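Colleague: Please take a close look at one part of this model, the place where the chains meet, and then work outward from there. I would like one connected account.

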Amino acid sequence: MRKTRSLINNLILYSAVFLLLFPIVILILWSFTKSWPWPFLLPKELSLRGFQSIIRSGNNMGNVVLCSICLSMTVTILTLALSIPAAKALGLYNFKGKRAVKMLILAPLIVPTVSVSMGIHLAFMKIGLANTFLGVVLVHLLPCLPYGVRILTDVFEITGDKMEIQAKVLGARPLQVFLHITLPMIMPGILSAGSLIFIVSFSQYFLTFLIGGGRVITLPMVMFPYIQSGDRIMASSYSLVFLAASLLLLIVLEKTVKSYYKTENHFYI
Amino acid sequence: MNNLKVKFKPYILLAPALFIILGIFMTGIIIGFAQSLGYFPVIGLRELTLKYYKEILTDKEFLTSLKFSLYISLVSSVIAVITGVALAYLMLHNKHKKGVEQVLYKLPIVVPHIVAALLMYNILSQSGLLPRLLYNLGVINSQQEFPALIFDKRGIGVIAAYLWKEIPFIAMVVYTVLANINDRLTQVALNLGASKGQIFWHVLLPLAMPSIISSFIIIFAFSFGAYEVPYLLGPTSPKALAVQAYVEYSHPDLANRPYAMAVNSILTIISFILIWIYEKSFRILGGNSEEIR
C-alpha cells in the first residue's frame, strides 16, 4: 500500500519534471534543424544553419552578446551597491517607517514596470537618458532592486552585527570592518543575489526596448522579432545561445561560492 | 550626538536605494498619473480632468482588455498555486529530490518569458508538436482539426506559458518553507493520531499560508501587468492591458498619450490594492508562524 503510494507520488513528480524539460528538448531539436515538416515527430534533416546565420548575420552577434553581458553586469554591480546598505538597515535596525520602506522597495515587483517605464520615458528624453546605455541601466534597477534588497536583508538578519561590533571594539576603522568582516560574511548572499539580479536584467525585453529606443541592443532585443514571426529555427537557435550564456554564468558563480564556502547556492526569492 | 547618529544611520544607509526608487519608480508613476488626468504641458494640456478615465471606463475595448487580463492572471495563478503546492508536498516525501530540486530551481529562473513563449509556440501551435503527436496517434486527421491554442481568444497559449514559468516557482518557494517547518510539529500531530491528510491540511498548509499568498500575489501581479507573453502569444483582440497601453502609447498623435496613461494608472492602482492585500495577509497570517518554526 505504502509502496504503491510512493510510486504514484514519484510518477506525478517525474512527469511534472518531464513536462518542464520536454519543451526545452524540442527547442534544442529545432535549433539544430534544417527541415522539420508536418507531421513528422522528429526533424527530417539536421544542420547548423541556425547558428551559422546567427554568426553571419549583420547583427554582429559577438558585440550583442558582449553588450548584453556588459549591461547586465553593470546593473548587477550597481544593484548590489545600492542593496547592501539598504539591506543592512532593514536587517539590523528597527526604525520608524521600516514597514513602509520595505513595501516601497518591494513595490516594483508588483507594480508593472511596463507602466512605470512609459511614465518615466518622457522625463528620460528631456534629461538625455533615453536611448543611452546609462538610461537602460537605470531603468533595469527597478525590477532588480527588490530581489537584491530582499535576499540580502535575510542574510543580514541571519548574520547579525555582533562580529562587526567586535571588530569595532578592537579598534578597526569602518572601511576595515566592511572589507574584512561584513563583506566576507555576506559573500554567499551577494553571489546568489548577484546571479539572480544578473538573470533578471539579462532577460529584460520591454524596458530595454522602450528606454533603449533601438540604440541599446541586447540579446532579447535581437531574439524577439524571430519569436514574434514564428521563425522556429532562428528563434530556437538564439534562445539556445541565450540559455547557454546564462547557465554558464550561473554555474561559474555557483562553483565560486562552493569553493569559497563549501555551502550551497540558494536563490531565496 | 552619538545617539542621534545611531538614530539616523538606517535612513542614511537606505538613502541611495530610496533615491532610485523615488527618483525613477515613483516619479514614473506620478508623471503617468498626471498625464492621465490631462496634465501634459508638452502639448499644451494643463487642465485637470477625469474625461480620459470616463472615456476609457465606458470603452468596450478597454473593458474587454481588463477582463481578459484579469482572467489570464487569475486562471494561471490559481492553477499554478494549486499545482505548485501539490508538487512541493510530493517533493517533501521524495527521496531522490536533489535532481528534481536542481531542475525546478534553475530552469524557470534562467528561461526568460519570451523564450517560455517560444517553447509553448513550438508545442501548442497548429504546426507544433502536440498536434503532430495527435495526428500520428490517429486522434486528428489534419492540422486544422487541432484547435487554435495560440493567438486564441481564451488565451490558452498565454496561460500555458505562465504556468510553465510559475508552477516551479511556487513549488520551490513552498517546498523551502515546508522543508523548514520543525519536524516535531508533524510528530506531535502523528502521536495525537492525525492522518497524513490531516497533518497537511491542519499543520503544514496553515504554516505555509503566508508564503503561498505572497507568492500568489507576486505571480498574479506579474502576469497581470506583463507585456511580452500576451504580445507574442495572445489574440489581436482582446489585447492584454499592458499591450493595449503600449498600443495607445506608441500612437503618433501625442494627444492620445493621456489614454495610455489612464490605462497604466488603472494597472498601477490595481497593483497597489494587491500590495495592500500582500501586507495584510502577512500581518494576519504571518503573525505567529515565525515563532512556531
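**The contact between the chains and what lies around it**

Modeller: In this predicted model, 66 residues of chain B are in contact with 71 residues of chain A. On the chain B side, helix 1 (residues 2–36) gives the largest share, 15 residues. By residue type, the side of chain B that touches chain A holds 48 nonpolar, 13 polar and 5 charged residues.

A residue that makes contact across the two chains is B:Ala117. Apart from neighbours within four places in sequence, B:Ala117 is in contact with A:Ile227 from chain A, and with B:Ala161, B:Glu228, B:Val229, B:Leu232 and B:Leu233 from chain B. B:Ala117 also belongs to the largest nonpolar core, a set of 161 residues, where B:Ala117 and B:Met120 have the most contacts inside the core. Helix 7 (residues 156–180) of chain B gives the most to this core, with 16 residues.

Chain B as a whole has 13 helices and 0 strands. Its C-alpha trace spans about 80 × 75 × 30 Å along the principal axes. Of its 293 residues, 45% count as buried. Among contacts in chain B with a separation of 6 or more, 73% are between residues 24 or more positions apart. One pair that is distant in sequence is B:Ile213 and B:Tyr278: they are 65 residues apart along the chain, with their C-alpha atoms 7.3 Å apart. B:Ile213 lies in helix 9 (residues 196–225) of chain B, and it counts as partly exposed because it has 19 C-beta neighbours inside 10 Å, where 20 would be needed for a buried residue.

Chain B is divided into domain 1 (1–36) and domain 2 (51–292). The C-alpha centres of these two domains of chain B are 31 Å apart. Their contact takes 5 residues from domain 1 of chain B and 8 residues from domain 2 of chain B. On the domain 1 side of that contact in chain B, 2 residues are nonpolar, 3 are polar and none is charged.

Chain A is also split into two domains, domain 1 (1–47) and domain 2 (59–261). Their centres, taken over C-alpha atoms, are separated by 32 Å. Here 5 residues of domain 1 of chain A are in contact with 6 residues of domain 2 of chain A. Helix 1 (residues 2–31) of chain A supplies the largest share of the domain 1 side, 4 residues. That side of domain 1 of chain A consists of 3 nonpolar and 2 polar residues, with no charged ones.

Two helices of chain A deserve a separate description. Helix 3 (residues 61–92) of chain A has 32 residues and reaches 45 Å from its first C-alpha to its last, close to the 46 Å expected at 1.5 Å a residue. Helix 3 of chain A nevertheless bends by about 30° at A:Ser83, with the proline A:Pro85 following within four residues. Helix 6 (residues 133–159) of chain A has 27 residues, which should span 39 Å at 1.5 Å a residue; the end C-alpha atoms are 36 Å apart, which agrees. A kink of about 50° lies at A:Cys144 in helix 6 of chain A, shortly before the proline A:Pro146. Helix 6 of chain A is mostly covered, with 21 of its 27 residues buried. After helix 6 of chain A comes A:Gly160, whose phi is positive, near 70°.

Some backbone details in the loops remain. In the loop between helix 5 (113–126) and helix 6 of chain A, A:Asn131 has a positive phi of about 60° although it is not a glycine. A:Asn131 has 15 C-beta neighbours inside 10 Å and so counts as partly exposed. In chain B, B:Phe151 likewise has a positive phi of about 60° without being a glycine; B:Phe151 is in the loop between helix 6 (129–136) and helix 7 of chain B. With 17 C-beta neighbours inside 10 Å, B:Phe151 counts as partly exposed.

There are also cis peptide bonds to note. The bond from A:Trp38 to A:Pro39 is cis, with omega near -5°, and A:Pro39 sits in the loop between strand 1 (33–35) and strand 2 (45–46) of chain A. The bond from B:Ser237 to B:Pro238 is cis, with omega near 0°, and B:Pro238 is placed in the loop between helix 10 (228–233) and helix 11 (241–249) of chain B.

Key:
Residues numbered from 1 in each chain as written. Chains lettered and ligands numbered in written order. Predicted model: local features only at pLDDT ≥ 70, side-chain atom pairs only at ≥ 80, totals over all residues. Domains from an automatic or database assignment. Contact = placed C-beta atoms within 7 Å. Nonpolar A, V, L, I, M, F, W, Y, C, P; charged D, E, K, R; others polar. Helix = DSSP H or I, 4+ residues; strand = E, 2+ residues; numbered from the N terminus. Expected span 1.5 Å × (residues − 1). Bend = angle between axes of the 7 residues up to and from the residue. Core = buried A, V, L, I, M, F, W, Y, C linked by C-beta atoms within 7 Å. Buried ≥ 20, exposed ≤ 12 C-beta atoms within 10 Å, placed from the backbone.
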